[in-house]
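Let's take a friendly walk through this model, one element at a time. Have the structure open beside you as you read.

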Amino acid sequence: MGLPLFSAHDDPGPSFYHYARGAGLSTSSSGSDAASPHATTVVAVRYDHGVVMVGDRQATGSYIASRDVRKIEAADRFTALAISGTAARGMEFIRMAQLSFEHYEKMTDTALSLEGKANYLSPIIQRNNLSTPLIVLPLLAGWDQSHERGRIFEYDGAGGCYERFDFSTIGSGSPFAESTLRLGYAADLDLEGALDLGALALYEAGDNDPSTGGPDFVRNLFPMMVTISSAGFHELAHEQVAERFRVINERRTRSGGVAGGSLR
Amino acid sequence: MTNYFYVSPEQLIRDRAEFAQKGIARGRSIVAAIYDSGIVLVAENPSASLNKISEVYDRIAFAGVGKYNEFDRLREAGIRWADGTGFTYSRGDVDARALANYYAQHLGDMFTEGQKPLEVEILVAQLGNRIRPTKLYRIAYEGTISDEPRFAVLGGDAETIKGRFAASEDSLEPLNVTLKNAVAALAGLDRTIGVSELEVGILEDRGDRRTFARLTDNDVSELLR
């Protein structure tokens, strides 16, 4: 790879994606490897000072391919990015997003706004999803430094970007997670409330969706929980997450597996 | 009918060098120096937004003097190259020496084959770790690359500033001392440079992947106190 110099009229600007495409660093060929691992549940819940995200860790093909995948990553200090869909494409997508945001920052000496990041991803998703059957759907959540609040952006398969003001879910376990969130969400949720609700939503998804991994007490593996606030991206320690799921599990064991009655 | 006059290669090179040197001498200088826990880059720059110093990669920084549009394009190409290389291979495979070589080749080509030589002088700094050394690569307008052992000076007045800095520091010092020496070397005896006229960047391990940081005017005044 030589020194990538461009004349003013064909300069790709601060967009790493456009540079990489032009230089042939990232390829999006149409394959039809539909059996590559996918399926997921990730939820994002807004609370009064940020956003909580909880994601399962199972990669599923026709069998369980992996039990400790990280589907939520920090895209930069104030932004989290989660993926559902084809694992390989999802990982590439996260890498591309992380690099793009940093690239923009280095090229222009200013950080991209949260809305700018959300819009930047749209055509990448569109291009990927319309040209191959290897669908990737991301979920973007971040702390908006100019508006001082947590924000969530979800996407549809065609790259449409929509802001959600309450919560959002992606992946095959979405119907179950979404139901739980709908019933439990309140506009004035605090951090504890949001963590509890997010964990419960994921527990429900893991309980009902065969392609979502719930808490795994045998292997001591638990879903990922992160918060994004004015302090930035923070991943909860393993013990804290384990404790939260243990509590839910014990409650559920006492009720004989029945969720109904109250949200608990 | 067009007349072609013979110009000897010696004369051509001399003319081109003189042209480039003149352009470079118009701008203010930059001092880059290794201190006890990192690298500091100090530029005299009256503009707060047209930067001469920039982050390139996790452990690599760029500095340029001369014509802004010319070195800024090189800076952008460097960032692209580094991010592209890291994306293709791994972050650990991005090496300042490779980048410095590309810059040297490009400047050399432009000097001999371009319409005009680039009126720039640039520096690629790399903060070392277990697998790579701490390095300052200075690349001149005609593509000469030099590996500067402890500090480098870019700009028209480089030799004088070099002498002043070398006289003030003979071993690795803490950041505040090195910064003070660098600013004094840039200013000379009969002049002081205000904090707002300085652009300062450092490469230092702070526990993060990215080691580059810009120092604010407040940081700089605090250190110079």
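In this predicted model, four residues lie between the strands in the hairpin of β7(A) and β8(A), and A:E148 there takes a positive phi near 55°. The two strands of that hairpin run antiparallel and are joined by six bridges. One place to see the pairing is A:G142, whose bridge partner in β8(A) is A:R151.

On its other pairing, β7 (residues 136-144) of chain A meets β6 (residues 79-85) of chain A, again in the antiparallel sense, over seven bridges. Here A:A80 has A:A141 as its bridge partner, and A:G85 stands opposite A:V136. How many residues of β7(A) are buried? Eight of the nine are, and the strand is described as mostly covered.

Now step back to the whole sheet. These strands belong to an open, antiparallel sheet of five strands in chain A, in the order β5-β6-β7-β8-β9. Its edges are β5 (72-76) and β9 (161-164) of chain A, each of which pairs on one side only. From one strand to the next, the twist averages 25°.

Two helices pack on this sheet. α2(A) touches β5, β6 and β7 of chain A, and its direction makes about 160° with that of β6(A). α3(A) touches β6, β7, β8 (149-155) and β9 of chain A, and its direction makes about 175° with that of β7(A).

The helices also meet each other. The axes of α2(A) and α3 (residues 114-131) of chain A come within 11 Å and cross at roughly 145°, and the crossing is right-handed. On the α2(A) side, the contact is made by A:R89, A:M96, A:A97, A:S100 and A:F101, while α3(A) brings A:K117, A:Y120, A:L121, A:I124 and A:N128. By class, the residues of this contact are six nonpolar, two polar and two charged.

The helix α2(A) leads us on to the partner chain. Altogether, 15 residues of chain A are in contact with 17 residues of chain B. Which helices of chain A each supply at least two residues to the side that touches chain B? They are α1 (16-23) and α2 (87-108). That side of chain A has eleven nonpolar, two polar and two charged residues.

Across the interface, chain B has an open sheet of five strands too, with antiparallel pairing and the order β8-β1-β2-β9-β10. The edge strands are β8 (151-154) and β10 (212-215) of chain B, each pairing on one side only. Neighbouring strands in this sheet are turned by 15° against each other on average, direction ignored.

Strand β2(B) is a good place to look closely. A hairpin of two residues joins β1(B) to β2(B). β1 (residues 30-35) and β2 (residues 38-44) of chain B pair antiparallel over six bridges, with B:I30 bridged to B:A43 and B:I34 standing opposite B:I39. Seven bridges join β2(B) to β9(B), and these strands run antiparallel as well; B:V40 stands opposite B:I202 there.

Is β2(B) mostly covered or mostly open? It is mostly covered, with seven of its seven residues buried. Both faces are involved: B:G38, B:V40, B:V42 and B:E44 lie on one side, and B:I39, B:L41 and B:A43 on the other.

Here are the strand pairings discussed so far, side by side.

| Strand pair | Sense | Bridges |
|---|---|---|
| β6(A) and β7(A) | antiparallel | seven |
| β7(A) and β8(A) | antiparallel | six |
| β1(B) and β2(B) | antiparallel | six |
| β2(B) and β9(B) | antiparallel | seven |

Finally, the helix on the chain B sheet. α5 (residues 175-187) of chain B packs there, touching β1, β2 and β9 (198-204) of chain B, and its direction makes about 30° with that of β2(B). α5(B) has 13 residues and reaches 18 Å from its first C-alpha to its last, close to the 18 Å expected at 1.5 Å a residue. Its buried residues include B:L175, B:L179, B:A182 and B:L186. What covers the buried residues of α5(B)? The cover includes β1, β2, α4 (158-168), β9 and α6 (217-224) of chain B. Just after the helix comes B:G188, with a positive phi near 80°.

Definitions and conventions
Residues numbered from 1 in each chain as written. Chains lettered and ligands numbered in written order. Predicted model: local features only at pLDDT ≥ 70, side-chain atom pairs only at ≥ 80, totals over all residues. Pairing = 2+ DSSP bridges. Axes fitted to C-alpha atoms, helices over the stretch in contact; angles between N-to-C directions. Contact = placed C-beta atoms within 7 Å. Nonpolar A, V, L, I, M, F, W, Y, C, P; charged D, E, K, R; others polar. Buried ≥ 20, exposed ≤ 12 C-beta atoms within 10 Å, placed from the backbone. Left-handed = near helix turned anticlockwise from the far one by under 90°. Expected span 1.5 Å × (residues − 1).
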